[in-house]
Every structure is written in structure tokens, then in C-alpha cells.
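I opened the entry to look up one helix pair and the surroundings of two ligands. The structure comes first, then my notes.

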Amino acid sequence: MAWPKNSPEAEITEQMRDDWAARFGESDAALGIETTRDFQPFNQINDIFTRAFWDPKVKSDHTEGFFDSYRVAPAARRGQGFAQKDFALRNASWIISDLISDRGVEMGMREGFQALIQSDTPVAKQKVEIEDISAQSREIKRIARLFGADLVGITEIDERWHYASRVDTSDLTSVPNELPKGISHVIVMGHSMDFDLVETYPSALAGASTGREYSHEAAICIQLAAYIRGLGYEAVASMNDTALVIPYAIKAGLGEYGRNQMVLTPEFGPRVRFSKIFTSLPLRADQPMPLGLNAYCHSCTVCADACPPKALPKGAPEIGSDSPSTITGVKKWSANCEKCFGYWAKIKTDCAICMRVCPFNRQYDRWQDRLWRWLAMGRGRVWAQRWMARQGTRARMKPAEWWSK
Ligand code: B12
Ligand code: SF4
Ligand code: SF4
């Protein structure tokens, strides 16, 4: 049976489509972003996490057990990386992020996930005068790094990637997804995940690399947004809520889209998470150029081969999919997220094998890794691929080895 189509509440008019083409046509084309005339913004109610609460095709004892294991019941079992202390470390790593996302629960706002992070400080009445927006942009990047961001880029607001509606978590209904007035730019920040922990995916232990970064990014984006409000401009902190971050990170010049459904960055490959700030602070958008990371994926299937439930595509990018959890009208590689999340639910923790095995997931502190990257991102790509083929994919680090380090 065919899945029902996405049905955003916001009506997309021909005028809006023409406007998007005029505003973003050129920069989309430069970065290989292709949308069709029937493009529709995505409704958050249809992402696989949210469907696990209302859609009987996704919701199961396994998905319930998965969510419970993060808060209520540790799902300890035999097997390295799934003991009580592995779950304890994973859950502890999430705690700061949980404190933020729990505070609006009674109002149906899971901040940072299904709602913007609410501002704890007001916008200063007096505006700092901005004379040079390039200098201001450099300064804001410096402050983002001061607070702990590993990567920072700036791009213009692009409502195509905003959820057509967000989810009210108290009754699982779709409600308006709104930003304060006057927002013009998005500051996208990258937060690298711990290399060694990621090496142990799949395990509950490895999940600590994800939780640790959510906790970090919550602190970092809240601090940067408060700084900007102190300058007299609107700024709201955002993690997974409000908008799709992958197209924003690409437009902000942080990396390129990979077959594994992630932004591949030159610094960390896919081993990075993103947060964002929506702001009215006058800023200059970055002007990214192709980097050569996405080109590598066209002749690599390492992530797709390693995925246990075979959720990743091996062919060329396509427009949409049969699933309501895929955005309509964007040409790209799309995962079968029903299979992916089904695997998570079974193992009671998140997976990121497709991040771990990606050849771009390196620390780049050795010259051999930097040489490989130079080849992989340029004309030597075929040599980089031969090198990888000879060397083979790095084996998973055993959780016991991580604990004994
Ligand atoms: C829901 C979600 C999931 C769902 C799947 C998405 C779905 N279809 O429901 C599940 C649970 C399976 C999942 C898994 C993972 N996720 Co996830 N996920 C999200 C989340 C919160 C929302 C995305 C969404 O609404 N998708 C629904 C529709 C739009 O999905 P889609 O059509 O398939 O589009 C996907 C991509 O094709 C891409 N995309 C969407 N529009 C466009 C447009 C263009 C032009 C391009 C090029 C790409 C693109 O983004 C979507 C990501 O799901 C985002 C954060 C965010 N707000 O963006 C993180 C996010 C995408 N996830 C992330 C990560 C890291 C993972 C995991 C590795 C898990 C982990 N341990 O961290 C795995 C990887 C699985 C995989 N290979 O797909 C990171 C990616 C970071 C990066 N380097 O790019 C994000 C950005 C979160 C973060 N804090 O940084 N995820
Ligand atoms: S494993 Fe290969 S195909 Fe997959 S994202 Fe990495 S480079 Fe691209
Ligand atoms: S997260 Fe795991 S299950 Fe999902 S696509 Fe990646 S490898 Fe496959």
C-alpha cells in the first residue's frame, strides 16, 4: 500500500515557488541542490521519531522500550556495550539536553527537539550599531568558537527547510511553527562527536557520543543566542527543532551531503552534529563552493553495505520516496528510515554505523589521513578509493577496549 503524501498546512503558492527560484536558484545550482516544482516543506509530525508515537505502522513494544530505556528503565542485557554502566553513561550524557527539553513539557514544547529553545533573557533595548557586517560576522564566529562550537557558518533564512508545522508533544497535533519577526540569517554551528566512542557503534556506550554533543550544543547555542540578544538583536537557539539543518549546514558552507544522509565536513567527515541560531543581527552569508566530498559518494557504498537493516540507498539520488517521512520534491539520497529506526528500537539505542565506517570519519592528525583527504576531495579520488579498498574498513572498537583505555 502506498503511504499517504505529506500534507503541509501551509499552502505553497506559485508565487512562493517563483520567489524561491529567484532567491536561491543560483546558490542551489552551485551546490548541487535540486528541487522540483512540486516541492513541499516537511511536516514534523511525519518524522520517524514522532510517527513512533502515533503511527501504528511504526509504534511497537520495541519503540516503546527504546524510549523508556533513555529515562525510566535501563535496558541492560548481556553483550559488550549493553551493560547497565553503558546505559548509565549514555543517559548521563544526555542530562543537560534533557533539562532543557523537559522544561516546556507541560505546554507541549519539547524545547530543542519539537520547539524552539525559549529565550531566558530579553533583547536589549539599545542596539549595538553594526558598521561593518563582514567584521561582525567574523566576530560572531569567534564568539561561537569561544563558547565551544567546532565549526561555524552563516547563511540566509530559507523557509523551504522550515517545518510546515511543528508538533505539540502534549497531544501530538500539528501546530504553527513560528519564529520572531525580523529574522534574516541563520548561524549554523558544528559540534564534533568523540572519535573513540563513535568507534564502538553499535552499543549503548556509543550513544554517549550523541548525548554528550546534544548536551554541549544546548549550552553553546543558548549562550550564543543570549550574547546576540545582549547586542539588541533577536536571536533564538535551536537544535533539532524548527528546521532541517542539513540543507542549512550545506548553504552555510560547513560541508556536503553524503549517501549516509549526513553532512560530510572536511574537518570531521560525518562525525559532527549541528545546532543553529535564528537571528536579526546584520551578518554576511558565507558563499560556499563545491568541496569534492559529495563527489566521492557517487562511487562509494561503504555506508550502505555496512548498514545492518540495509536502510541506505546504493544507487543515484532520487526525488522523494514512498515514505511519508521523506520530504517531497528534493533530489537526493534518501534512507528507508522505517528500517533504520526499526533497528534502533530492536537494539534499544541509537545507531551510527554509517557514520563510523565512512572513510571521511578520521581525526586528521596524521599526515597519511590528510594526504588521503587531499586525494579524496580532488582529482586523486580514484587513488583514494583504491587506497581504501586495499586497507579495508576500520574494525569496530570493542566496548571492553574503550572501558579499559
Ligand atoms: C528525525 C531524524 C532522524 C530519523 C530519520 C529522519 C526521518 N526521515 O524521519 C532517524 C531516527 C532515523 C535518524 C537517524 C540518524 N540521525 Co538524524 N535526525 C533527524 C532530525 C531530528 C530531523 C530530520 C527530519 O525531519 N527528517 C525528515 C525528512 C526531511 O527526512 P528526509 O527527506 O529523509 O531528509 C533527510 C536527508 O535527506 C536530509 N535532507 C532533508 N532535506 C534535504 C534537502 C537537501 C537539499 C539535502 C541535500 C538533504 C536534505 O535531512 C534529512 C535528515 O533526516 C535531524 C535534525 C534536523 N532538524 O534536521 C537529525 C539529524 C539529521 N540526524 C543526525 C544524525 C547524526 C543521525 C544518526 C547518525 C544517529 C545518531 N546516532 O546521531 C542517524 C543516521 C541515519 C541515517 N543514515 O539516515 C544529524 C546529522 C549530522 C550530520 N553530520 O549531518 C542531525 C542533523 C541531528 C544533529 N543534531 O546534528 N535521524
Ligand atoms: S561511506 Fe562512502 S558513500 Fe557513504 S557517506 Fe561516506 S564516502 Fe559517502
Ligand atoms: S543509523 Fe544504523 S541502521 Fe540507520 S542507516 Fe545508519 S547504519 Fe543503518
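For the helix pair I count two residues as in contact if their C-beta atoms, placed from the backbone, lie within 7 Å. I note at the start that this is a predicted model.

Helix pair. I looked up α6 (residues 133-147) against α8 (residues 207-230): their axes come within 9 Å and cross at roughly 140°. That angle makes α6 oblique to α8, because the label antiparallel is kept for angles over 145 degrees. I recorded the handedness as well: the crossing of α6 past α8 is right-handed.

Which residues of α6 and α8 meet? On the α6 side I listed Ile143, Ala144 and Phe147, and on the α8 side Ile220, Gln223, Leu224 and Tyr227. Sorted by class, this contact has 6 nonpolar residues, 1 polar and no charged.

Ligand 2. I found Gly258, Arg259 and Asn260 around ligand 2, together with Tyr296, Cys297, Cys300, Thr301, Val302, Cys303, Cys358, Pro359 and Phe360. Two elements, α10 (293-297) and α11 (302-306), give two or more residues to this shell. The class count for ligand 2 is 8 nonpolar, 3 polar and 1 charged.

Ligand 3. The residues I found here include Cys307, Cys340, Cys351 and Cys354. Pro308, Pro309, Ala311, Leu312, Ala335, Tyr343, Ala352 and Ile353 are also around ligand 3. Helices α12 (337-347) and α13 (353-356) each supply at least two residues of the shell. How does the shell around ligand 3 divide by class? I counted 12 nonpolar residues, no polar and no charged ones.

Technical notes:
Residues numbered from 1 in each chain as written. Chains lettered and ligands numbered in written order. Predicted model: local features only at pLDDT ≥ 70, side-chain atom pairs only at ≥ 80, totals over all residues. Axes fitted to C-alpha atoms, helices over the stretch in contact; angles between N-to-C directions. Helix = DSSP H or I, 4+ residues; strand = E, 2+ residues; numbered from the N terminus. Parallel < 35°, antiparallel > 145°, perpendicular 65-115°, else oblique. Left-handed = near helix turned anticlockwise from the far one by under 90°. Nonpolar A, V, L, I, M, F, W, Y, C, P; charged D, E, K, R; others polar. Near = placed C-beta within 6 Å.
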